Amino acid sequence: MLKKTQLCGIVIALIASSSVWAADQTITLKDGRQVILHDNFTWQYKAQTNNSATSPTLKTTTATAIPVIATSAVAIPIISAPKGVEIELGTTKAIQQLSDSGMDVLLTAAHYENGTLIIPTMMTNQSSKSVVNVTMKVRLSNSNGQTIATDEFTVWRSINRMPDTYFRPKTQHQGKPITFDVPKAERYFIDAEITDVDMR
């Protein structure tokens, strides 16, 4: 059985240690600012005195305790939505190749004719089945990224129940062109995807 003096000593030691943990603590961030951590799980910046008249005074704020992370002065760059793949008139370079379910669709060099932007397509059936229908969704944007036209196109369609018209495996065919009636410009941007490949 503990003596009274030993018991009192233990109680005094516990009170002293808990008061140490309950005291406010000050930490210094990497950028030199100081933060006071309170025992009630809140924090605030420690007010600093500036000798320079041009330096702004730091404001004191209080918030729920969260691990303090020093912030960088450099802002995170804003990522804008992609415009799509560039279409430049007058070039012979293919625009883009898309693939889905073994069907490859190549958007070849575009040209402008009588108020219409024309994008020819060339297709290859890499699968082991015949294809009867290929549908695409296409969005056209200007150089500022603004959508100027959007539509769905059937670039390949066979005649139902006429196998001679089917797109056979391991063959290539020219598909129907993608066309948009838009004002002429030096360049456009296209965002295209294959939405349906119907096989037999």
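In this predicted model, S141 belongs to strand β10, and the side chain of S141 forms a polar contact with the side chain of R139, at 2.8 Å. The relative accessible area of S141 is 0%, and because anything under 20% is classed as buried, S141 is a buried residue.

Another buried residue lies in strand β13, where F189 is found. Its relative accessibility is 11%, so F189 also falls under the 20% limit and counts as buried. Following the chain from I87 to F189 means covering 102 residues in sequence, yet in space the C-alpha atoms of F189 and I87 are 5.6 Å apart.

Strands β10 and β13 also take part in the largest nonpolar core, since each of them gives two or more residues to this core, as do β7, β9, β11 and β12. The core has 29 residues, and those touching the most other members are L107, I119, M136, L140, I178 and I190. To see how such a residue is surrounded, the reader can take I178 and set aside its neighbours within four places in sequence: I178 is then in contact with L107, L117, I118, I119, T121, M136, V138, F153 and V155.

The confidence of the prediction should be kept in mind while looking at these details. The mean pLDDT of the protein is 79, with 71% of the residues reaching 70 or more. Over residues 51–58, however, pLDDT stays under 50, and for this stretch the model has five contacts beyond four places in sequence. Where pLDDT is low, the predicted coordinates should not be read in detail.

How values were computed
Residues numbered from 1 in each chain as written. Predicted model: local features only at pLDDT ≥ 70, side-chain atom pairs only at ≥ 80, totals over all residues. Heavy atoms only, no water. Core = buried A, V, L, I, M, F, W, Y, C linked by side-chain atoms within 4.5 Å. Buried < 20%, exposed > 50% of the residue type's maximum accessible area, 1.4 Å probe, protein only. Helix = DSSP H or I, 4+ residues; strand = E, 2+ residues; numbered from the N terminus. Contact = heavy atoms within 4.5 Å. pLDDT = per-residue confidence, 0-100. Polar contact = N/O pair within 3.5 Å; in protein donor to acceptor, adjacent residues only side chain to side chain.
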